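Okay, thanks for coming, everyone. I'll put the sequence and the structure up, and then we'll walk through the fold together.

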Amino acid sequence: MRIRRSIPALAVALLVVSVAGASLLASCDREGGMGEGALRESADRMEGLGGIPLGKARGSSPDRFLADLDRWEGGAGEEGSVSARWESGGGLVSAAEDILAAYRSNGSFELVSSGYLDMFGNAWGAIVCDGDRRVDLVLVTTDEADADSVVRVVRLLSR
């Protein structure tokens, strides 16, 4: 029964991640990579993909984003979502590992899906759910050199 109630939220999450992937492909330059401006622009586009209000991202970090999202839930209002964003000096894989480790240590979240969102390895996404209450969308983008990453986590809340 728990899975059935989560299906609409997961469908929305899959739609948003698909649109994010398409958005990232549109941001790629002719040589198949992402310039520094395109990296930040693609993460910023997640503020309202496909007409779904995703909330204005607030600054956070890999160490505190789950606590921040929990704290911000009360102010989600009618949007039904809260969002955290930060930049990481490490590459995409390192940022993704840190995020998954935070969810694993929390214990109440379940990884639904994850993987690369483009053909160049410059974007990675995940869908993580907490029963039928919350679904988190994770997007990590990196530059061509895989030196800097931008992380965006959007929490969709059930109404």
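I'll begin with the whole chain, then go to the strands and finish with one loop residue.

Just so we're clear, this is a predicted model. So what have we got in terms of elements? The protein chain has four helices and six strands. Reading from the N terminus, the order is α-α-β-α-β-α-β-β-β-β, so to speak the whole layout in one line.

A few numbers for the chain. There are 159 residues, and 49% of them count as buried. The exposed area comes to about 7,800 Å², with carbon and sulfur atoms supplying 51% of that. If you take the contacts between residues at least 6 apart in sequence, 61% of them join residues at least 24 apart.

Now, please look at strand 4, residues 123-130. How many of its residues are buried? Eight of eight, and that's why I'd call this strand mostly covered, given that buried here means under 20% relative accessible area. What about its two faces? Both are covered. On one side you have A123, G125, I127 and C129, on the other W124, A126, V128 and D130, and all of these are buried. Yes, that list includes D130, an aspartate, on the side with W124, A126 and V128.

Which strands pair with strand 4? Strand 3, residues 110-116, runs antiparallel to strand 4, and six bridges join the two. Strand 5, residues 134-142, also pairs with strand 4 in the antiparallel sense, this time over eight bridges. You can follow this through W124: the bridge partner of W124 in strand 3 is Y116, and in strand 5 the partner is V140.

Let's look at the turns. Strand 3 and strand 4 make a hairpin with six residues between them, and in that turn G121 has a positive phi of about 80 degrees. The hairpin of strand 4 and strand 5 has three residues between the strands. There, G131 takes a positive phi near 60 degrees.

Last stop, D146. You'll find D146 in the loop between strand 5 and strand 6, which covers 149-157. What is the phi of D146? Near 55 degrees, so we have a positive value in a residue other than glycine. Is D146 buried, exposed or partly exposed? Its relative accessible area is 36%, so D146 is partly exposed.

That's my tour; over to you.

Notes
Residues numbered from 1 in each chain as written. Predicted model: local features only at pLDDT ≥ 70, side-chain atom pairs only at ≥ 80, totals over all residues. Heavy atoms only, no water. Buried < 20%, exposed > 50% of the residue type's maximum accessible area, 1.4 Å probe, protein only. Contact = heavy atoms within 4.5 Å. Areas by Shrake-Rupley, 256 points an atom, 1.4 Å probe, with all protein chains shown as cover. Pairing = 2+ DSSP bridges.
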